[in-house]
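Trainee: Could you take me through a close look at the pockets of this protein, and at the parts of the chain that line them? I would like one connected account that I can follow with the model open beside me.

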Amino acid sequence: MNPLLTPPKEQITEIIGRIYRRGLTTTTGGNISIRDDNGNVWVTPAGIDKGSLRPGDIVCVHPDGSVSGPHTPSSELPFHLAIYQARPDLKAIVHAHPPALVSFSIVGDFPNTNVIPQAKQVCGPIGFAHYELPGSEILGAVIAEEFSKGFNAVILENHGTVVGGTDLNNAFERFETFEFVARILINANRLGQPNYLDENQLHAFEAQYNDPLPEMESVEYPSDEREFRSDICRMVRRACDQGLMISTYGTVSARWRGDDFLITPRNFSRWDIEPSDVVQIKGEHREPGKTPSRSVHIHQEIYRRNPEVKAIIFTQAPYSMAFGVAGKSFDNRTIPESWILLQDVLLLPFGAHFAGQQRISQSLRADHPVLIIQNDSILVTGKNLLHAFDRLEVAEFSARSLINSISLGQMKPINEVQIEELRKKFLPDE
Ligand SMILES: [Zn+2]
């Protein structure tokens, strides 16, 4: 979705659809608005089913206060207007009651986003607005007060969250990332104590990137190359739909010929990826005019050292990441399917993924196809993209079962003898 070319009504229905499908709002909770260059505020209507909202349902509130459209504007319109008044730079607002952020809001707290590098960057510092009656002018005033301090993401006490953005994509990315951080933190707290990144670690993360690879002189797009582009896009969108990837983080690549590969670009909205966005990497060169993911050097290193790896996914699925944030080992000896597919999942320290490091390619072996990098990501590899994706899904299901089992009792892992039995029957060549 390109906010420069898509009418506000269509942007709003597209984004509300994503939010609803991803379980980030209930059918009547939450509202979205866009302020256009003429000062009109386009907003979701009051009490209309979010699952079937159409562009024609969106209401326009003009600068003189008059309203056009078939419905009444959202009852929370007063705080949208108050925020726009306080912050001329903001052009879009998302408000909802997503479950993990509501958990923080009902204990009077907010998530510390220093838990993964890009979360802090995307969300910025977090504001906290104390409770006021929904729909009231005073609620608008306390929220606008937080935004006027420069916060772009605010927790509403006993209510939910409001985030602003320079356009609706920007606001949605912030909203989605904020809820994901909250989910990761809640899960990590169930496992133990979350580890936070300090300023030095965040700086080290930013400082490590080299220039992108030099551009190749000419580029060819044979049909097998184009197949990989489509496959990568399908996997990225599927991962977003399944809650395994969010708009601001996640890299997918596939080995093409020899050590050459195709990889997702830097800074793109995962929900909107198109085959033409994917970047070809050939030898030491990148496709002209495109910038590959910042992790391109790690992918290159893995394809060179690990001939069995044909596809790689880096992402931040919220249950798997909880292990990375709590620094707890992921005991995958849960059910046969899980162990056969993932085998033993290794936990690597933060920094193992930095450019120039060889820890990852050295740790990846046939019996360790999946790694968790502390406070950064889960890395899955496979003999093709679907195989890697399957491993990602299984890892996230396993992580979820492990975390949920904590409230039921002590986990009893599959024992060494049973593991050997599985190895002989299902993994005879490894
Ligand atoms: Zn609300």
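Mentor: Let us start with the sorting of residues, in which Ala, Val, Leu, Ile, Met, Phe, Trp, Tyr, Cys and Pro count as nonpolar, Asp, Glu, Lys and Arg count as charged, and the others, Gly among them, count as polar. Please keep in mind that this is a predicted model.

With that sorting, the lining of the largest pocket divides into 11 nonpolar, 12 polar and 6 charged residues. This lining is made of 29 residues, and those nearest the centre of the pocket are Gln-118, Thr-248, Tyr-249, Asn-267 and Arg-294, while the volume of the largest pocket comes to about 620 Å³. When you trace the lining back to the helices, you will find that α4 (117–123) and α6 (168–191) each contribute at least two residues, and that α4 gives the largest share, with 4 residues.

The second largest pocket, for its part, has a volume of about 400 Å³, and 18 residues line it, with Arg-183, Pro-318, Tyr-319, Glu-396 and Arg-400 lying nearest its centre. Two or more residues of this lining come from each of α3 (99–106), α6, α10 (318–326) and α13 (385–405), and the largest share, 6 residues, belongs to α6. Sorted by class, the lining of the second largest pocket holds 8 nonpolar, 3 polar and 7 charged residues. Helix α6 is thus a useful guide for your eye, since it supplies at least two residues to the lining of the largest pocket and also the largest share of the lining of the second largest pocket.

From the pockets, you can turn to the zinc ion, whose protein donors are the NE2 atoms of His-95, His-97 and His-159, lying 2.1 Å from it. Along the sequence these donor residues follow the spacing H-x1-H-x61-H. The pair His-95 and His-159 links distant parts of the chain, 64 residues apart, with His-95 in strand β5 (residues 92–96) and His-159 in the loop between β7 (153–156) and β8 (160–165). His-95 counts as buried because its relative accessibility is 2%, and His-159, with a relative accessible area of 13%, is buried as well.

Finally, look at helix α9 (residues 296–305), where the buried residues are Val-296, Ile-298, His-299, Gln-300, Ile-302 and Tyr-303. These buried residues of α9 pack against the strands β9 (251–255), β10 (261–263), β11 (279–282), β13 (311–315) and β16 (377–382), and against helix α12 (359–363).

Definitions and conventions: Residues numbered from 1 in each chain as written. Predicted model: local features only at pLDDT ≥ 70, side-chain atom pairs only at ≥ 80, totals over all residues. Heavy atoms only, no water. Buried < 20%, exposed > 50% of the residue type's maximum accessible area, 1.4 Å probe, protein only. Contact = heavy atoms within 4.5 Å. Donors = N, O, S within 2.8 Å, 3.2 Å for Na, K, Ca; no water. 1 Å grid on protein atoms, 1.4 Å probe; cavity = no way out; pocket = protein on both sides within 12 Å on 5 of 7 lines; lining within 4 Å. Points joined across faces, edges and corners; volume = space filled by probe spheres on them.
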